[in-house]
Every structure is written in C-alpha cells, then in structure tokens.
Amino acid sequence: MKSSLIKLKDNGDVKISDDVAMKLRRYAGLRLDVLCGENPSLLIFPNCLGDNGDRINEGRLFSLNGDCLSVGNIVGFWGVDDVNVRVHSRFDMDDRQYFFHYMLQRICKVNVIDMQTLPDEEDLWDFLIYLFPMALKGAMRQGIFRAYRVFRYDDDQVRGAIDVARYIRHDIPFSGRVSYSTREHTADNHVIQLVRHAVEFIRRRAPGILSVDGEMRQAVDTIVQLTPDYSEKSRQRIMAANLRPVRHPYYSAYTGLQRICLQILRHEKIAFGENDGRICGIVFDAAWLWEEYLNSLFEGDKGFTGVVHPMNKTCQNPVYFFEPKRGPHYPDFYDEKRRVVMDAKYKSLDNGIPREDLFQLISYIHVMAYRSGVLLYPSHATGFHDEGRLKGLGGRIGWASLMVPKAADCVEFRNFEAAIRNNEGEFLRLLGEHDYDDNHS
C-alpha cells in the first residue's frame, strides 16, 4: 500500500482525502497528554524533557473539519499507519527546515550536520540522538534515579532470604556458601541500565554526542560507573523491563529520558507505517523552541548578563501582580539592568501588535515599574520599531525582529548557519543599543 505524505506549515491547514481523514479521525482534537499516554512512540517536547507548566499538554496535535486538516503551534513529524504528516515551521520557506533545525541545534548545544543531505528517515533518527544529551543532563540534575532491585548471591555472608532451591542445586554437598537473595534500593537498576545501553549504542553511531560539554561527559561517566554489570546481551531484557514508564514525583525527567532511550535502542527512526493504528512521531511546541532559542542568544552575549528568564515549569523568578504576593506570572524575559520586559512571540508582528499581546506587555511594565516593553519575533528582516510612549504612568512599547534567512538563498545548512549568526549579531546590537528611556520623545 502506497503511503500518503502530507506537508503543511504550523498554524496552517491542508485538504485531505476522505480515506486519509478516516484514518486520522479517531485522534482529531484529542489533548496532547492523552495522545502521549496512549501512544508511547509519540514524543512531545518539552513535555518529554520533564514536567512543565507551559500547558502544551492541553493543546491538540491536529483537528479535522470535514476534509481539512488543521494544526497549531506544533512542528515535527508524526504518522498513523500509512499516513505521514510533516509540519514545518512557517518561517522556513521550503521543505529544507533549516530554521527549525538551527533552533534545535542551539537549544541542545549540539552541532547539527548538513541536514540537506539526509533522507527523511535519517532526519528523524538524528533528532533522537541530538535530544539525548538534553534529556540525560536534565534527568541527572534531578539526581540519580534509584529503585528496588533483587540481587542474588551465593557466598558465606548471608544477609537476606535464603533461596532453598538454589542452595540445594548449587551448594550441596555443603561447600561453605549459601544461596540467598536481597532486595536493595540501588542506582544499578533497570532505568539506569537502559540509559547505559543507549550510551553504548550512541558511542558506536555518533560518539561526539556523548562529549558535547563537560556536564555531558560527567553524566556519561556516572552512568558507566553505576552499571558495572552491564552486558550488551541483556539489552532486550532491559528494554522489556522499561516498558512501564517511570512515575516518580522526584524524578519526572527520567520519564522522557526513558522513552528516548527506548526509541534509540529500537532504532525505529520514529518509523511510520507500523500498521497498529497508533500514532508515532516526534513533535515540538514551536513557541517553546523560539523562546529557548532566544534564551540561548542572551546567555551567550555578555551585553545581556542582566536578562532573567523566568521558568514557569520550575516556578523560578515569578512576577506578582498583587500585594501580598499571590498569583505568580512569568514574563518570558526581563532585563534588570535596562529595566525592560521582553516577550517572545512565535508569530509575525510585521503588520502591528495584536491587542492581547499589547495589553499583556503594558501590564508587565506597570506592575514591574519598568521603563519599556519589547516583543521579540522572527521575521524576514531584522529591525527595531519604537511604537511610542504610553499615556498615564509612562513606559515605551516596541518590537524587535530577527531575520530568518531564506533557505532558497543558502546552498547548504552551513550557509544558513553563517547567515543567521550575522543576523543574530545585528539583532542583539539593536536590542542593546536602543534607548529604553520612556522620557525621550
């Protein structure tokens, strides 16, 4: 049976056949957390990197209205049976998703190879490899996952329940040893063993991924030290033991890591066409990608050391609208040095600022007593526009755009990378040099 390939942009729609609509209808309009729970081969980010409060889990993968398939702020690849759907970023002008790949590269701190040379299947497979360091480091920051495990011994230092059957089989006539079992809370468990198997698999395929930075190297060394009895022959047994996802309030990030490791070891390449009627794929919240990409720019520029990136998923650096402190809110960024609040918007603002975005920015300026508010968005031109000074308590509103190079103007991914790095420099320069004083005319 010939597969159906559907391509569209995020926040877009496309006409589909009645046959395709019939295969997709059972999943239309379902919340992402429901889909993820019922379809273990569907990876959703940032959810798969740990618990978060970004409410992406309340979104929908797609909706159907007759013969029209619509998607929201989700980009990536997914499929059901022989129906494959590829959702590209609206800021990538053709099928070569350079901007999407580049943002992922910056966020994961991994050097992506020239994506133009890769077939779709390898493209998907590489996503798993590139996401592994982020997932592993995020999990290790929560601590070493420990679980109870049964160990079997046969020695003269009995410290557990005697295993009579094994004792009769191995230790009679009496040789001074006794067979016994213990149940221990240990780091050498099925989850850590699964990570070790993924590490060894990646070591053969893409060893550079395991040494992207010092934190990653230390994490890999720790996993190796915790699994002294690792054996490649036990891979299938370990994978089977990890079919039930980790559910632990203190180790939430291990759930996503566990799923990524399983996909890597299966070498499924997020394969479509499994014919079991379930969705598989890998999708990203485009707004999250854009926000985290901007954060990587600010972190790498000395001129923006005063920028704070509140994290609603970890309840860090909130802004309170009321006294006493209650009802925390989380602007995307605020610069304590320049007293400016910045809001990341993954949509074009070339034709003006939508009213809801304007009101949100005004609220932050007023509550934080800042001098200015700026909206940050991708575009096909780099610029800074000063909307003007607010009446009443004052404060200025503006917007800044980062130019996304057109893939058609870039022969290879490395050309796109060089072009956007130049645009990033201009974007940061405009942000840094702008006069945020709300008293100037």
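**Strand S17 and its surroundings**

Hi everyone, let's start with contacts across the whole chain: of those between residues at least 6 apart in sequence, 71% link residues at least 24 apart. Keep in mind that this is a predicted model. The protein has 12 helices and 19 strands, and 51% of its 441 residues are buried.

Now let's look at strand S17. Is S17 enclosed or open? It is largely enclosed by the rest of the structure, because 8 of its 8 residues are buried. In a regular strand, side chains alternate between the two faces of the sheet. In S17, both faces are covered: Ser372, Val374, Leu376 and Pro378 are buried on one side, and Gly373, Leu375, Tyr377 and Ser379 are buried on the other.

Which strands pair with S17? Strand S16, residues 340-344, runs parallel to S17 and is joined to it by 5 bridges. Strand S19, residues 396-403, also runs parallel to S17, with 8 bridges between them. Glycine 373 is a handy landmark here: it stands opposite valine 341 and opposite isoleucine 397 in S19. Together, S16, H11 and S17 form a right-handed β-α-β unit.

Finally, please find arginine 371, in the loop between helix H11 and strand S17. Arginine 371 counts as partly exposed because its relative accessible area is 26%, between the cut-offs of 20% and 50%. Its C-alpha is 5.7 Å from that of arginine 339, although the two are 32 residues apart in sequence. A polar atom of the arginine 371 side chain also lies 3.1 Å from the backbone oxygen of arginine 338. Thanks for listening!

Definitions and conventions:
Residues numbered from 1 in each chain as written. Predicted model: local features only at pLDDT ≥ 70, side-chain atom pairs only at ≥ 80, totals over all residues. Heavy atoms only, no water. Helix = DSSP H or I, 4+ residues; strand = E, 2+ residues; numbered from the N terminus. Buried < 20%, exposed > 50% of the residue type's maximum accessible area, 1.4 Å probe, protein only. Contact = heavy atoms within 4.5 Å. Polar contact = N/O pair within 3.5 Å; in protein donor to acceptor, adjacent residues only side chain to side chain. Pairing = 2+ DSSP bridges. Right-handed = clockwise from strand over helix to strand, strands pointing away.
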